[in-house]
Amino acid sequence: MGQITANTRTLTQIRRDQDREIERRPLDMRLIRRMWSYFKPYRRQRNWLIAAVLVRSIQLPTVAWVATLVINGPIRRGELQALAGGTASYTAIFHALTWGVAGFAALSLWTHVNHYFRSRLSLELGESIVYDMRREIFAHLQRMPMSFFNKTKLGRIISRMNSDVETVRSGVQDVLFISLVQAGQMFFSAVFMLWYDWALFLVLVALAPILWRIHRHFHPLLSSAYRDIQESFSRVTAMLAESVHGIRVTQGYVRQDVNAEIFGDLVQDHSQYNVYASRTRGVFLPLLEFVRPLFISVMLLAAGAQIFYFAQTTAEREALVGAVVGFFFMAQLFFTPVVVIGNMYDSALMAMAGAERVFRLLDTPPEWTDDPQALDLPPIAGRVEFEDLTFWYEPGRPVLKEVSFIAEPGQTVALVGHTGSGKTTIINLISKFYLPCAGRLLIDGQEIRRITSPSLHRQMGIVLQMNFLFAGSVMDNIRVGKPSAPDEEVVDAARKLDCLDILQALPEGFATEVGESGKNVSLGQRQLICFARALLADPRILILDEATSAVDTMTEARIQKALSILLAGRTSFVVAHRLSTIRHASVVLVLDHGRIIERGSHLDLLATGGTYAHLYRQFVRASEGELD
């Protein structure tokens with residue numbers, strides 16, 4: 001048990017090290033500018049929103065200013081009249097007070113109306129930006145070559161699309177515009193404070209370094225914590241996706257406890273980062289809350305000293321008292337945003353971390369792209385030629401070494417060899433999922449680098465050992481090969497394959513839902529659907545990668561005749577371990593460690609008594625074992 005624990009912790013540490021971010025920038029202006037660029041298609045909404053933010057910033061200080069005018073105006077005059085025992089001007093004072101209160105109420109109502117439109121515009125704009133960002137991520141992923149998906153975990157991609165983009169949404173909808181409103185409110189409150197009493201305002205400025213020091217201390221701590229939270233959540237998502245995808249292997253090898261322990265370590269990591277961030281925030285926010293009463297207390301002392309020790313006359317004292325009342329109204333409005341912005345600061349750092357990770361994905365260039373000078377491939381005959389082609393996935397470790405052969409139109413080429421000999425690599429190169437590292441690959445005499453990938457793929461059909469079915473019906477999945485095909489053409493493709501009765505026998509026939517990754521149909525049925533898909537596409541080059549390995553012997557016998565129809569007139573490359581798909585090939589290429597060591601027809605290679613003959617005897621024994 002101790003060894004298992006040690007192993008799982010080693011695996012967890014490996015995941016942690018692989019996912020560790022290199023750069024840690026708190027609030028990067030480059031990221032902010034790039035996020036701001038997403039507003040360009042929505043200039044009108046953005047400009048209206050900025051106007052609403054500006055109005056909202058000045059509204060509350062204006063409301064406080066009107067309240068101050070009412071207090072220092074009619075209310076103050078009424079108090080002085082009462083002290084003097086006069087009654088002559090009470091009517092005028094009450095009239096002024098009524099108008100002042102009415103103005104205060106109107107301004108307050110306007111504040112709420114503007115808040116509604118400001119909130120609505122920010123929510124709509126945030127949703128539009130998230131929509132564009134997700135579309136951009138998806139389009140970028142579609143352009144990435146196979147090598148990217150071989151190196152990148154599915155969970156990390158999902159995390160970018162979901163949790164990271166959601167933090168960006170929060171940053172746009174909440175943090176950005178609320179912070180702008182609060183910053184604007186602080187600015188206009190400061191202007192009023194400076195106008196009311198510049199001396200008290202200087203006291204406030206003298207205390208400002210305390211706020212700066214608090215911010216300077218907690219800024220990097222929280223920034224690092226939130227990046228760790230995002231990274232750890234990405235690891236949790238990747239582990240979850242991997243575990244669900246491989247649940248059969250997990251249960252088959254009784255690995256539930258091991259996986260649970262690895263997952264528990266990753267969740268604990270994520271929890272610890274959250275706890276650390278919460279503890280740090282738990283110190284940061286109360287400090288901000290404490291700063292407000294501290295600053296106001298100091299300013300009250302300064303205001304009291306100013307009134308009692310520096311005012312020389314009663315009139316000066318009364319004027320100072322009126323100014324201090326207005327000043328402290330504004331002081332409340334000035335300090336309230338400090339706490340709000342402190343709360344928004346958490347979300348801002350989360351949004352920065354999410355944006356940084358999203359843009360890192362978007363900035364990851366494909367290892368290769370179609371040459372800008374590449375041309376669309378016209379209808380082809382299907383001639384495929386390898387000229388001294390060498391390929392490696394990792395530099396210095398070639399998996400194909402100076403491979404040369406020609407497949408003429410209509411020929412069926414069987415690729416035979418031990419695991420790792422280079423068979424799948426050859427079909428990946430023909431499919432232009434990778435590009436040759438040295439040598440040339442020509443399609444109808446045109447170098448593969450000089451033709452566009454879509455124009456090639458439209459004239460190709462691929463049936464793999466473990467084919468992928470999309471969520472939807474059997475009909476939908478066959479129609480993937482030709483989206484415009486009517487139902488009758490789809491049914492006719494199944495009929496030609498001699499599998500119409502098998503597909504019609506499904507619970508709802510061609511309307512049967514295959515489920516996620518085809519889980520509602522058997523492996524054999526899944527393969528037949530993919531054969532029908534390939535036949536419907538009518539490709540000029542056809543690739544079968546161990547395509548009958550998941551089909552039982554009886555079903556395979558039924559589709560052999562259909563396969564001969566499918567292969568007729570098409571250049572076909574067959575990777576197979578069953579004799580029936582090798583025996584009738586036009587040419588057999590025998591590979592070993594990335595080189596072609598034998599080539600010829602099935603009978604010719606048997607006659608030479610070489611590697612192929614030895615493999616053939618193994619095939620025969622395996623086939624006899626299946627029949628037994």
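Tyr-393 is partly exposed in this predicted model, its relative accessible area being 38%. Its ring pairs with that of Phe-391 in an edge-to-face arrangement, with 4.8 Å between the centres and 90 degrees between the planes. Phe-391, for its part, has a relative accessible area of 3% and is buried, since that value falls under the 20% cut-off.

The pair formed by Phe-391 and Tyr-393 belongs to a wider picture, as the whole structure contains 12 aromatic pairs. Another of these involves Trp-36 and Phe-39, whose rings are tilted at 55 degrees between the planes, with 4.6 Å from centre to centre. Here too a partly exposed residue meets a buried one: Trp-36 has a relative accessible area of 31%, whereas Phe-39 has a relative accessibility of 1%. Phe-177 joins Trp-36 and Phe-39 to make one aromatic cluster.

Attention now turns to the sheet. Six strands form an open sheet in the order 6-7-8-3-9-10, and the pairing is mixed. Strand 6 (460–463) and strand 10 (595–600) each have a single partner strand and stand at the edges, so each has one side without a neighbour in the sheet. From one strand to the next, the twist averages 15 degrees.

Within this order, strand 3 lies between strand 8 and strand 9. With strand 8 (residues 571–575), strand 3 pairs in the parallel sense over 4 bridges, and Ala-414 stands opposite Val-574. The pairing of strand 3 with strand 9 (residues 587–592) is likewise parallel, over 5 bridges, and places Val-416 opposite Val-590. Strand 9 and strand 10, by contrast, run antiparallel and are joined by 5 bridges; Leu-591 has Ile-596 in strand 10 as its bridge partner.

How buried or exposed is strand 3 (residues 412–417)? Because 6 of its 6 residues are buried, strand 3 is largely enclosed by the rest of the structure. In a regular strand, side chains alternate between the two faces of the sheet. Both faces of strand 3 are covered, with Thr-412, Ala-414 and Val-416 buried on one side and Val-413, Leu-415 and Gly-417 buried on the other.

A final point concerns the cysteines. How many disulfides does the structure hold? The count is 0. Cys-499 is buried, at 1% relative accessibility, and Cys-530 is also buried, at 1% relative accessibility.

Note on methods
Residues numbered from 1 in each chain as written. Predicted model: local features only at pLDDT ≥ 70, side-chain atom pairs only at ≥ 80, totals over all residues. Heavy atoms only, no water. Buried < 20%, exposed > 50% of the residue type's maximum accessible area, 1.4 Å probe, protein only. Helix = DSSP H or I, 4+ residues; strand = E, 2+ residues; numbered from the N terminus. Pairing = 2+ DSSP bridges. Axes fitted to C-alpha atoms, helices over the stretch in contact; angles between N-to-C directions. Disulfide = S-S within 2.5 Å. Phe/Tyr/Trp six-rings, centres within 6.5 Å; stacked < 30°, edge-to-face > 60°.
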